[in-house]
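Dear colleague,

Please find below the structure that I am handing over to you. My notes on it come directly afterwards.

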Amino acid sequence: MEGFHEGQKVWVEQPGGSQRPGVFVTDAEISGLLGGPPAAYVVYPDTRSGEEVSLLQITPREEEGAT
């Protein structure tokens, strides 16, 4: 699985299959220790809120015009 870095722009899959733009903050190591799936913390620029999500819900977001 690809690693993410702090500040990386990502897509976060939402219930229903839509994607929301977010920013990766850090891995949520405690989830893995408790036997749950690997997780991460993300923030949403539009609302300045954040949440813990499964790493399986996160994909890198390419910037328009990036090569």
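The notes below take up confidence, the charged contacts and the nonpolar core in turn.

The model is predicted, and its confidence therefore comes first, since low-pLDDT coordinates should not be read in detail. The mean pLDDT of the protein is 87, and 84% of the residues score at least 70. Among the elements, strand 1 (residues 9-13) has the highest mean pLDDT, 98, while helix 1 (residues 29-33) has the lowest, 59.

Glu29 belongs to helix 1. With a relative accessibility of 63%, Glu29 is classed as exposed. Its C-alpha atom is separated by 9.9 Å from that of Tyr41, a residue 12 positions away along the chain. Given the mean pLDDT of 59 for helix 1, I would ask you to keep the general caution in mind here: where pLDDT is low, the predicted coordinates should not be read in detail.

Turning to charged side chains, how many salt bridges does a search of the whole structure find? The search returns one. Its partners are Arg20 and Asp46, whose side chains meet at 3.2 Å, N to O. This pair links distant parts of the chain: Arg20 lies in strand 2 (residues 19-27), and Asp46, 26 residues apart from it, lies in the loop between strand 3 (39-44) and strand 4 (49-54). In general, side chains of opposite charge can pair when their charged atoms come close.

Are the two partners buried or exposed? Arg20 has a relative accessible area of 22% and is partly exposed, because that value falls between the cut-offs of 20% and 50%. Asp46, at 59%, counts as exposed because it is over 50%.

Arg20 also takes part in a second contact, lying over the face of Tyr44 at 3.7 Å from the ring centre. A further arginine, Arg61, lies over the face of Trp11, at 5.6 Å from the ring centre. As for contacts between rings, the structure holds one aromatic pair.

Tyr44 appears again in the largest nonpolar core. That core has 10 residues: Phe4, Val10, Val12, Phe24, Ala40, Val42, Tyr44, Val53, Leu55 and Ile58. Strand 1 and strand 3 each supply at least two of these residues. Which strand gives the largest share of the core? Strand 3 does, with three residues.

In short, Tyr44 is both the ring beneath Arg20 and a member of the largest nonpolar core, and Arg20 also forms the salt bridge with Asp46.

With kind regards

Technical notes
Residues numbered from 1 in each chain as written. Predicted model: local features only at pLDDT ≥ 70, side-chain atom pairs only at ≥ 80, totals over all residues. Heavy atoms only, no water. Phe/Tyr/Trp six-rings, centres within 6.5 Å; stacked < 30°, edge-to-face > 60°. Lys NZ or Arg CZ within 6 Å of the ring centre and 35° of its normal. Salt bridge = Lys/Arg side-chain N within 4 Å of Asp/Glu carboxyl O. Helix = DSSP H or I, 4+ residues; strand = E, 2+ residues; numbered from the N terminus. Buried < 20%, exposed > 50% of the residue type's maximum accessible area, 1.4 Å probe, protein only. pLDDT = per-residue confidence, 0-100. Core = buried A, V, L, I, M, F, W, Y, C linked by side-chain atoms within 4.5 Å.
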